[in-house]
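Work through the following exercises with the sequence and the model side by side, and try each task before reading its solution.

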Amino acid sequence: MRDQAISNRRKPRRRSVRSGSSLGLRRRRGFSFGWVPRVLPTLVYLSVLILAAWLLYYSIASPYFAVREISVSGNKLLDADRARDAAGSLGQNVLRLRGEEIEQAVARISVVKSARAVLALPGRLDIDVTERTPLVQWQAREGSFLVDREGVVFSRQAPPGHVAVVKEWDGPAMDVGSRIDPHVLAAVETLELTLPEQAGIQPSWFDYSRSSGIAVPAQGGPRIILGDADDLEAKVAALVAIRTHLATSKARAEIIDLRFNGRPVYVLASTTPAKSGQAR
């Protein structure tokens with residue numbers, strides 16, 4: 001038994017021999033499938049990139065996204081076609097347009113105070129304009145113009161409703177884009193309200209001169225010269241006092257001059273010299 005155990009321990013172990021074809025087959029199998037998990041994210045990324053590039057090119061080049069309709073709202077004085085021409089967007093790709101640039105282009109039209117542009121797919125542009133509101137119709141040698149509260153001369157069109165009329169014949173040449181002193185406009189607006197209410201005078205128009213300021217022309221009554229826009233409340237109060245005094249004395253004046261604060265003057269219709277406007 002002992003000799004047999006020793007003999008068994010001395011027997012060499014058999015080593016398994018693998019053929020070269022078996023090793024090569026396993027190696028080839030590992031090379032064929034092992035690279036897929038590593039390369040797959042790159043392939044997906046490239047595919048998405050190519051698809052995005054194609055979609056971008058299609059969106060820019062396709063006529064499907066061309067602007068085919070431009071709507072204009074909020075306009076009364078402004079012709080809609082003029083706004084469309086100013087926008088310059090018809091037929092252009094809606095994805096390449098910028099609303100801010102369109103708004104600035106439309107706002108350069110004199111009658112437009114501001115504009116808002118909204119782009120919508122597949123090819124629509126909506127323009128909402130806020131027009132300048134005429135405060136007066138200013139009549140000069142060059143014609144009649146609409147002027148807003150800020151003093152911007154913005155149109156030669158007739159006003160859409162009633163506005164005060166100011167006639168100026170000795171001023172500089174005027175055209176759309178010119179400017180009028182806003183203080184003068186504010187004075188005209190105030191006088192159009194206060195003269196009927198406090199003095200019972202409804203002026204058909206106002207005269208304006210660079211030298212003598214604002215005046216109300218005589219229409220069966222005296223010509224009233226108010227001057228600049230300062231102290232209008234005191235001037236109207238003085239006018240009321242003078243008219244009351246003239247009515248009491250049954251006199252008729254040709255001119256009531258209120259330009260000089262605290263020193264109103266009126267000229268009677270006869271040859272009577274000018275008198276102080278203070279009623280007695």
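**Exercise 1. Classify the two rings of an aromatic pair by burial and by geometry.**

Solution. Tyr64 has 48% relative accessibility and therefore counts as partly exposed, since buried means under 20% relative accessible area, exposed over 50% and partly exposed in between, with a 1.4 Å probe and protein chains only. Phe65, at 13% relative accessibility, counts as buried. The model is a predicted one, in which local features need pLDDT of at least 70 and side-chain atom pairs count only at pLDDT 80 or more, while totals for chains, interfaces and linings use all residues. Residues are numbered from 1 along each chain as its sequence is written, and side-chain values use heavy atoms, with hydrogens and water left out. A search of the whole structure finds two aromatic pairs. One of them joins Tyr64 and Phe65, at 5.1 Å centre to centre with 85° between the planes, and is edge-to-face; rings of Phe, Tyr and Trp (its six-membered ring) pair if their centres lie within 6.5 Å, and planes under 30 degrees apart count as stacked, over 60 as edge-to-face and the rest as tilted.

**Exercise 2. Describe strand S8, its side chains and its neighbours.**

Solution. Begin with the side chains: in S8 (residues 206-209), Phe206 and Tyr208 point one way and Asp207 and Ser209 the other, and all are buried. In a regular strand the side chains alternate between the two faces of the sheet. Strands here are DSSP runs (E, at least two residues), helices are runs of H or I of at least four, and both are numbered from the N terminus. Next, take the partners, remembering that two strands pair if DSSP finds at least two bridges between them. S7 (residues 164-167) runs parallel to S8 and is joined to S8 by two bridges, with Lys167 standing opposite Asp207. On the other pairing, S9 (residues 213-216) is antiparallel to S8 and three bridges join them; Ser209 has Gly213 as its bridge partner. Three residues lie between S8 and S9, which form a hairpin.

**Exercise 3. Place Arg223 in the fold and state its exposure.**

Solution. Arg223 belongs to strand S10 (residues 223-227). With a relative accessible area of 30%, Arg223 is partly exposed. Finally, compare sequence and space: Arg223 and Asp257 are 34 residues apart along the chain, and their C-alpha atoms are separated by 8.2 Å.
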